[in-house]
Amino acid sequence: MRNIQLEDFIKYKFLSSLNFSPKGDSACFVVSNANVEYNSYNSNLWLYNSENETCSQLTAYDNERSYIWLSDNQTILFPSSRDARDKKKLESGHEFTQFYKINIHGGEAVKAFKIPKLVSSIYEIDEDTFIFTSMHKIGSNDLSKLSDDEKEDELKLRKDEKDYEVLDEIPFWSNGSGFINKQRHRLYKYVVSSNKVTAITDEYTSIGSLHLNKNKDKIVFTGSSFKDKAPLNDNLYLYDLTKNSLNHINKDEYFSYSYVDFINDDTLIVLGSDMKKYGINEDGKFYLISLRDFSKVLLTDDLDKSTWNSVGTDCRYGGGKTMVMDGEYLYFITTEIDSSYINRIDINGNIEKVSSNKGSVDCYDVKNGKILMIALRDQKLQELYKMDCGKETQLSSFNQWVQDELKVIKPESITFETVPGINIEGWVLKPADFDETKKYPAIFDIHGGPKGIYGDVFYHEMQFWANEGYFVFFCNPRGGDAHGGAFADIRGKYGTIDYDDLMRFTDEVLKKYPNIDSSNVGVTGGSYGGFMTNWIIGHTNRFKAAASQRSISNWISKFCTTDIGYYFVDDQQGATPWNDYEKLWFHSPLKYADKVTTPTLFIHSEEDYRCWLAEGIQMFTALKYHGIDSRLCMFRGENHELSRSGKPKHRIRRLTEITNWFEKYLK
């Protein structure tokens, strides 16, 4: 067994996008891995055969990240730009998506059809009809409707316009998507035989959750239509494919819908919140909506759990389903204490927990009661599992080499009462080859969110630090998920009760693990964890060094510069720069920068529009001004997701920067 190296993540396999075939006798999923040479990720389609329980590779072009099953149960449709001429046209600004189809029983992928839009998702109605979504620029010319000369003029104009950004609404940019001013996620219908595209939604409406009924003659979806400022609420729409009619079915209601689907021909099941009790982070509840009179009935008044997977890790790439309709049940995820689980709910509101193993269910699918899932279990990286009568069986071994060859450290759990009646869970990784006669430095790692959590799952950066001779400790303070709405609600309290929890946890760890050299402890975290790192160094000097990543330093500047700032700051701090700037300044780490004595590294991405670069620059400048050793490493071409899905070379450099900083000050 050897020590885990920083670059080992390059060889990890990341699984995502799991979907059963229409009959449920096989399933497709995506397997990805880092490609350092091209500074990107390779992704290919893999097939699971339920008859012999084997996994086999279906494509090898290294660029297949999305797909759908066609109704014939043996063909997979996926977008790709394999043709050199197609690539050249796309690079010159032409807009189209070439789809290929491949038979799961063998043979090469062949061209199926080309849609004259940049397709983001697609759904089959029948062999000649599809619906799809695509980003639409309000007021832009449709290239597919222009003559060749007009098209060339339009492409030249667009090329010239790339030198400018005209902004007239908020948000005008979005983390991971760049500038999005006047862009909407629009719904279309496409007929293959005529190559005809018809818009279903208007150009001001951006759609979210979308599902077809069993007969594939109706579509239900969430959407938001706006000018000037995007709202926080959503609308529900029903589209009849036979009548080509679109109906808005929840008029005069202020509600945030995160999911909608047909539970039967006459009834919708929806998940959402009115945001009245806990604001934008309020956990949703399930409702039924009748398609006869559009009446709405609350199913789960007592549900006080998050309905998504908030277990963090830096070993994922790609997503997948976390809500699935199968028969009479809607299957969904809950995150509880330190793990995520599959549950199901029926039309009467009865909820049953389907999975029970600890860890993280990253995505799954259900067909005729059969469940396949991609999960993190027992400090293993992602693998494919099946569930039968409540029993999990591992089906793949993409990452078994990690367990066989590397020194994977098992976290030791700590639970303590932070205030009467409220417990905090945390974990400690001992250094590899731990020697009870030695003292070791330690790193305190703080999660993002704040409504995220840590769990007992594999985390590459922590495992690497433990293998480099550090204690690593981490916990779930108040503000995090998995304990209900009241626990997660720290609106107006950032840097107070959560700070107390983190410091008390540090005390507990140092008391329980005397081999930690308390004079050589560092602290780091990203996003909310970056905010807390900035806050901590302004309120205590107990940490020898700090690494603040994609952080918040000034709630006033965050309000007007970030993609979510105009509503997130008001909601989470209960103030705006105009009605209570003093409260925003009180909760801003920058206010306390003159108290900092801790050497601090700042990691920030140039295109992080969630916590914009200015947040890191302000704190870095303040520390330099006050004579504190500090360093800022800014990553071009990266966004808020640098540590999780950034380019491989950049992820290596990020972890190298942090590790070197701690090596300098803690060893």
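This report walks through a sheet, two nonpolar cores and the cavities of a predicted model.

## A four-stranded sheet

Let's start with the strands. An open sheet is built from four of them, arranged in the order 15-16-17-18 with antiparallel pairing. Strand 15 (205–212) and strand 18 (245–248) sit at the edges, and each of them pairs on one side only. On average, neighbouring strands in this sheet are turned by 25° against each other, with direction ignored.

Between strand 15 and strand 16 (residues 218–225), which run antiparallel, there are six bridges. If you would like a pair to look up in the structure, T205 has S225 in strand 16 as its bridge partner.

## Two nonpolar cores

The largest nonpolar core counts 52 residues, and F444, M532 and I536 have the most contacts inside it. Helix 7 (residues 528–537) provides the largest share of this core, with six residues.

I536 is a handy residue to display: leaving aside neighbours within four places in sequence, I536 is in contact with I446, Y499, L502, M503, V523 and F543. A second core, separate from this one, has 43 residues, including Y41, V402, F464 and W661.

## Cavities

For those who like to look at enclosed space, the structure holds four cavities of 30 Å³ or more. The largest cavity has a volume of about 80 Å³. Its lining consists of L6, F9, D314, H460, E461, L642, S643, R651, R654 and L655.

Three helices supply at least two residues each to that lining: helix 4 (460–467), helix 12 (642–645) and helix 13 (648–666). Helix 13 contributes the most, with three residues.

Conventions:
Residues numbered from 1 in each chain as written. Predicted model: local features only at pLDDT ≥ 70, side-chain atom pairs only at ≥ 80, totals over all residues. Heavy atoms only, no water. Pairing = 2+ DSSP bridges. Axes fitted to C-alpha atoms, helices over the stretch in contact; angles between N-to-C directions. Core = buried A, V, L, I, M, F, W, Y, C linked by side-chain atoms within 4.5 Å. Buried < 20%, exposed > 50% of the residue type's maximum accessible area, 1.4 Å probe, protein only. Contact = heavy atoms within 4.5 Å. 1 Å grid on protein atoms, 1.4 Å probe; cavity = no way out; pocket = protein on both sides within 12 Å on 5 of 7 lines; lining within 4 Å. Points joined across faces, edges and corners; volume = space filled by probe spheres on them.
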